[in-house]
Amino acid sequence: MDSHLHLLSRYHRHGDAAAFGVLVREHAGMVFATAKRVTGDAALAEDVAQETFLELARSGQDSVQSVAAWLHRVAWRKACNMT
């Protein structure tokens, strides 16, 4: 969704924490669910979710074409690495 890329851009360019907060609120459920499906463990899934959003915060904006797809891929990869 273009609005998600715009929010990510606002965060990376201007340090807009509110914009990043919206991204977290809108995608946290999907990220957690992805991690929990892979790990089978809620505590590990929470760790994966936190690490996934931390990586998004540190990522280069240009490396993200779709925020949801990027988050899903990174959460899946991190969860696989934890099992």
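## Close-up views of a predicted four-helix model

Of the 83 residues that make up the protein, 35% count as buried. The model shown in every view is a predicted one, and the legends below move from the whole chain to individual residues.

**View 1. The whole chain, built from four helices and zero strands.** Read from the N terminus, the elements of the protein follow the order α-α-α-α. The radius of gyration is 12 Å, close to the 12 Å that the globule rule gives for 83 residues, so the protein is as compact as a globular protein of that length. Taken along the principal axes, the box filled by the C-alpha atoms comes to roughly 35 × 20 × 20 Å. Among the contacts between residues at least 6 apart in sequence, 56% join residues that are at least 24 apart.

**View 2. The surface and the charged side chains of the protein.** The accessible surface amounts to about 4,800 Å², and carbon and sulfur atoms account for 53% of that area. The protein carries 9 positive and 9 negative side chains, and the centres of these two sets lie 2 Å apart.

**View 3. Histidine 27 and its polar contact with histidine 4.** Histidine 27 belongs to helix 2, which spans residues 17-39, whereas histidine 4 has its place in helix 1, residues 2-14. Histidine 27 counts as buried because its relative accessibility of 6% falls under the 20% cut-off, and histidine 4, with a relative accessible area of 8%, is buried as well. The two side chains make a polar contact with each other at 3.3 Å. With neighbours up to four places away in sequence set aside, histidine 27 is in contact with His4, Phe53, Val67, Ala68 and Leu71. Of these residues, Val67 falls at the start of helix 4 (67-82), and Phe53 falls within helix 3 (42-58).

**View 4. The surroundings of histidine 4 in helix 1.** Beyond the residues up to four places away in sequence, histidine 4 touches Leu23, Glu26, His27 and Val67. Val67 is thus listed among the contacts of histidine 4 and also among those of histidine 27. The C-alpha atom of histidine 4 is separated by 9.3 Å from that of phenylalanine 20, a residue 16 places away along the chain.

**View 5. Alanine 19, a buried residue of helix 2.** The relative accessibility of alanine 19 is 1%, and this residue therefore counts as buried, the cut-off being under 20%. Its contacts, once residues up to four places away in sequence are left out, are with Leu7, Arg10 and Tyr11. The C-alpha atoms of alanine 19 and leucine 8, which are eleven residues apart along the chain, are separated by 6.9 Å.

**View 6. Serine 59, in the loop between helix 3 and helix 4.** Although serine 59 is placed in a loop, it is buried, with a relative accessible area of 12%. A polar atom of the side chain of serine 59 lies 2.8 Å from the backbone oxygen of leucine 56. When neighbours within four places in sequence are left aside, the residues in contact with serine 59 are His12, Val64 and Trp70.

**View 7. Serine 66, in the loop that runs between helix 3 and helix 4.** Serine 66 counts as partly exposed, because its relative accessibility of 27% lies between the limits of 20% for buried and 50% for exposed. The side chain of serine 66 has a polar atom 3.3 Å from the backbone nitrogen of alanine 69, a residue that lies in helix 4. The C-alpha atoms of serine 66 and glutamate 51 are separated by 18 Å, the two residues being 15 apart along the chain.

**View 8. Alanine 69, a partly exposed residue of helix 4.** The relative accessible area of alanine 69 is 39%, and its backbone nitrogen is the atom that lies 3.3 Å from a polar side-chain atom of serine 66. Between the C-alpha atoms of alanine 69 and aspartate 47, 22 residues apart along the chain, the separation is 19 Å.

Note on methods:
Residues numbered from 1 in each chain as written. Predicted model: local features only at pLDDT ≥ 70, side-chain atom pairs only at ≥ 80, totals over all residues. Heavy atoms only, no water. Helix = DSSP H or I, 4+ residues; strand = E, 2+ residues; numbered from the N terminus. Rg over C-alpha atoms; globule rule 2.2 N^0.38 Å. Buried < 20%, exposed > 50% of the residue type's maximum accessible area, 1.4 Å probe, protein only. Contact = heavy atoms within 4.5 Å. Areas by Shrake-Rupley, 256 points an atom, 1.4 Å probe, with all protein chains shown as cover. Lys, Arg positive; Asp, Glu negative; His and termini not counted. Charge placed at Lys NZ, Arg CZ, Asp CG, Glu CD. Polar contact = N/O pair within 3.5 Å; in protein donor to acceptor, adjacent residues only side chain to side chain.
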